[in-house]
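Dear colleague,

I am passing on the structure below, and I would be glad if you could keep it open while you read the notes that come after it.

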Amino acid sequence: MAGKTDIVAGILDGPGRPGAVAMVDGRGRTLTYGELRRRVRAVAGAMTGLRPGDGVLFAVRPGPDAVTSALGAVAAGGMLVLADPGLAPEVAAARLALTRPRWVVADALVYALSGPLRRLARRRGLHLPHLREPVPGSAVNHLYAGPWLPGVPRGALSLRALERAPNGAAPTSGCDRDADVTGKAAGSGQPAVVAFTSGTTASPRGVVHTRNSLAAGSALFRAAVPLGEGDVVHTDQLMLGLPALMAGATWSLPGSRPLADELAARRATHAFCVPVRLDRALRANPALPATLRCLLLGTAPSPPAVLRRARAAAPHADILSVYAMTEALPIAVASAEQKLTCRDGDLLGPPLPGVSVRIGEDGELFVSGPQLARGYLGETPLREVATGDLARLDAHGRLVLLGRKKDMILRDGVNIYPGLYEPAVAALPGVAEAAIIGVPDPGTGDEEVVLALVADEGFDAAAVRRALPDIVDAGALPDRLALVEAFPRGGRNGKLDRARLREVIGGARP
């Protein structure tokens, strides 16, 4: 039963056969389940002195080393604190002061960039804490990945040395190692990872997931998207890779080759992609291999044009969009066909089994369930989370997204929710993407409603204007249209940056 409620035990005691391939890295190198489990146990045995929930500052590039060291650190009782080199120094310092890590696990290159090569790193826009002593006055232990480089502290453990050690050679924490790795704090809600999402410099806000909540999220995902031995899941997303490992499938990490080429070479059965990146990949190669059974989209709305392009590229595969947030992974899943038939909002799908939803008086969606994070670091535990999304439940009990609460537009006393209309506008012929933006009038405080469009083949502005009254309520019709070459996006997942779009549409023309 432990494997069902604990992410570490779920992988170490899962169905993956010892000789089966657990992971393929970006260069095509493989790691078997037997080696994965041995390395996780070696890391867990070596990381002594951790109490359940102690911070572990983590800065290992995506790949097998990252997975084995991360699982090992969590198995030893640690809570991963993900280092972000893009943070302002004062923000990073505030986060580290809150978590006070007792171990640092990082690539040797990261140690070098935070030490001897610090000036070079800063010129490249990287701001790394001093990993030797991330919190002044606090002693930490160190584990490094890769070959030794200047900057790695004296006495630091080498991940390579641990991996090469024979079974039983790694130091232990004073108890039976296998029992400790698979059972330590299992079912107790031990914090496993903290992901900082918001908050001020003085009060950083981090989402804390436990071994249990991560396992529950993985189980929900596998219930919605069946996985098993022999499947190959191509993704760089932890919350898709972990379910793959719990199911005994192969986790394939992207490399530098084009998406279609990598999927074909790995014989991928499942793949995940952010819509904006998928659109770019399909424009370069409009066909995906026949081995693909499921194409997953997430982290951003999926424009109808992208869904249609994905369906044409993989007519043999299920095209699914996953709705999730950092605090609750996942929440709902909808097929491309279901989303394309919805014209009054962005269909998210029915809540997954065990996930409870509530619509507040102002239309905001609240979510609870077994995959819910424990809470925000240093705050009271969560019972439910406010998503910041405006939504409704349709006649079939499916969630329909109406837009972000903060994106609501006010004009002439009428509340306008962009997400209610954008999917239908984006589905018009010749439209690649659509976004409705409010531009405040500094004199009145009212907002001008602007429909921003990215044109596709066959775009006709007059035809779009004629079609709008049939798909947009009279009180929400735009004051003007603005044509832009591309929507500004930000972040790792290419989310639409509405603030920047608001700045650029002033000079755009219909």
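The notes below cover one sheet, one cis peptide bond and two loop residues.

Please bear in mind that this is a predicted model, in which local features need pLDDT of at least 70 and side-chain atom pairs count only at pLDDT 80 or more, whereas totals for chains, interfaces and linings use all residues. Residues are numbered from 1 along each chain as its sequence is written, and side-chain values use heavy atoms, with hydrogens and water left out.

An open sheet of 3 strands (strands being DSSP runs of E, at least two residues, and helices runs of H or I, at least four, numbered from the N terminus) has the order β24-β25-β26 with mixed pairing, where two strands pair if DSSP finds at least two bridges between them. Its edge strands, each pairing on one side only, are β24 (431–440) and β26 (480–483). Strands β24 and β25 (residues 447–455) run antiparallel and are joined by 9 bridges, and G438 has V449 in β25 as its bridge partner.

The peptide bond between L329 and P330 is cis, with omega about -15°, and P330 belongs to strand β15 (residues 328–335).

Two residues other than glycine have a positive phi: R100, near 45°, in the loop between α5 (89–99) and β5 (103–107), and R267, near 55°, in the loop between α12 (259–266) and β12 (270–273). R100 is partly exposed at 44% relative accessibility, while R267 is exposed at 57% (buried is under 20% relative accessible area, exposed over 50%, partly exposed in between, with a 1.4 Å probe and protein chains only).

With best regards
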